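The exercises below ask you to read a fold from its strands, helices and side-chain contacts. Try each task on the displayed structure before you turn to its worked solution.

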Amino acid sequence: MVFPNDVGDMARMEQANRLFFRLYQCANMLHKTGTKAVESEGLTTQQWAVLGALSRPDTQNGISMGDLARFLMVSRQNLSGLISRMERDGHVRSAPDGRDRRSRLVTMTDSGRQVWLEQAAPKILRYYAQALSGFSNSDLTHTVHYLLKLLDNMKVIDAEQGGHGPVDED
């Protein structure tokens with residue numbers, strides 16, 4: 001562990017502690033308030049993230065479980081349980097990849113697309129508007145920039161710790 005040597009280092013570590021604690025609080029509030037925003041559709045924030053990922057144009061023909069797990073930065077094991085529940089609810093389907101039978105492709109069903117586009121998306125947009133109240137376009141751009149910078153640094157830490165990213169490798 002690195003210990004601060006001087007007052008400047010201590011002040012930086014104090015500020016870092018505040019930042020990471022606020023990120024922790026934001027993540028918890030996102031799960032709590034975000035889930036409430038879409039619970040009438042039977043969704044959680046995790047399912048919202050999956051449907052959002054599957055709604056992208058480049059995933060219309062499906063995405064492998066491994067690629068989806070990497071995109072969402074979750075373990076394949078956690079994603080597998082989530083996908084199983086979403087299959088049970090009729091939102092997604094997974095099937096063997098025709099090119100690689102060991103891999104499974106996940107796609108959004110017509111029912112899932114209807115839930116996403118007609119029911120969840122309008123509520124999510126309202127949620128975003130409320131959560132980002134008072135943010136200018138510049139604020140949003142800067143926030144995304146700094147979060148991506150932080151994420152890149154965390155990926156380096158993960159690699160240094162022997163991780164291969166946030167998911168199990170194929």
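**Exercise 1. Find which residue of β3 stands opposite A95, and then work out the order of the strands in the sheet.**

Solution. Begin with the pair itself: A95 has L105 opposite it in β3. Before going further, note that this is a predicted model, in which local features need pLDDT of at least 70 and side-chain atom pairs count only at pLDDT 80 or more, while totals for chains, interfaces and linings use all residues. Residues are numbered from 1 along each chain as its sequence is written, and side-chain values use heavy atoms, with hydrogens and water left out.

Next, collect the bridges of β3. Strands β2 and β3 pair in the antiparallel sense over five bridges (two strands pair if DSSP finds at least two bridges between them), and V92 has M108 as its bridge partner in β3. Strands β1 and β3 also pair in the antiparallel sense, over two bridges, with L105 of β3 as the bridge partner of S64.

Finally, assemble the sheet. The three strands form an open sheet in the order β1-β3-β2, with antiparallel pairing. Because β1 (63–64) and β2 stand at the edges with a single partner strand each, one side of each has no neighbour in the sheet. As for β3, four of its five residues are buried, and the strand is mostly covered; buried means under 20% relative accessible area, exposed over 50%, and partly exposed in between (1.4 Å probe, protein chains only).

**Exercise 2. Place the sheet within the whole chain: how many helices and strands are there, and which helix lies across β1, β2 and β3?**

Solution. Count the elements to start with: the chain has six helices and three strands, where helices (H or I, at least four residues) and strands (E, at least two) are DSSP runs numbered from the N terminus. Read from the N terminus, their succession is α-α-β-α-α-β-β-α-α.

Then locate the helix. It is α2 that lies across β1, β2 and β3, and its direction is at about 95° to β3; axes are lines fitted to C-alpha atoms, for helices over the stretch in contact, and angles run from 0 to 180 degrees between N-to-C directions. Since seven of the ten residues of α2 are buried, this helix is largely enclosed by the rest of the structure. The buried residues of α2 are T45, Q47, W48, V50, L51, A53 and L54.

For the chain overall, 25% of the 170 residues count as buried, and the C-alpha trace spans about 60 × 40 × 25 Å along its principal axes.

**Exercise 3. Describe the aromatic cluster that includes W48: which rings belong to it, and where do they lie?**

Solution. Ring pairs join W48, Y127 and Y128 in a cluster. The structure holds three aromatic pairs; rings of Phe, Tyr and Trp (its six-membered ring) pair if their centres lie within 6.5 Å, and planes under 30 degrees apart count as stacked, over 60 as edge-to-face and the rest as tilted.

Take W48 and Y127 as one pair: their centres are 5.8 Å apart and their planes meet at 90°, an edge-to-face arrangement. This pair links distant parts of the chain, with W48 in helix α2 (residues 45–54) and Y127 in helix α5 (residues 110–131), 79 residues apart. W48 is buried at a relative accessible area of 8%, and Y127 is likewise counted as buried, at 13%.

Now turn to W48 and Y128, whose ring centres are 6.1 Å apart with the planes at 45°, so that this pair is tilted. Because W48 lies in α2 and Y128 in α5, the pair ties together parts that are 80 residues apart in sequence. Y128 itself is partly exposed, at 40% relative accessibility.

**Exercise 4. Examine two acidic residues in loops: which residues do D97 and E41 touch, and are they buried or exposed?**

Solution. D97 lies in the loop between β2 (92–96) and β3 (104–108), and this residue is buried at a relative accessible area of 7%. Leaving out residues up to four places away in sequence, D97 touches S103, R104 and L105, contact meaning heavy atoms within 4.5 Å. A polar atom of the D97 side chain also lies 2.9 Å from the backbone nitrogen of R99.

E41 is found in the loop between α1 (7–38) and α2, and at 13% relative accessibility E41 counts as buried. With the same sequence neighbours left out, up to four places away, E41 touches H91, V115, Q119, A120 and K123.

Notes. A polar contact is a pair of N or O atoms within 3.5 Å; within protein, one must be able to donate a hydrogen and the other to accept it, and residues adjacent in sequence count only if both atoms are side-chain atoms.
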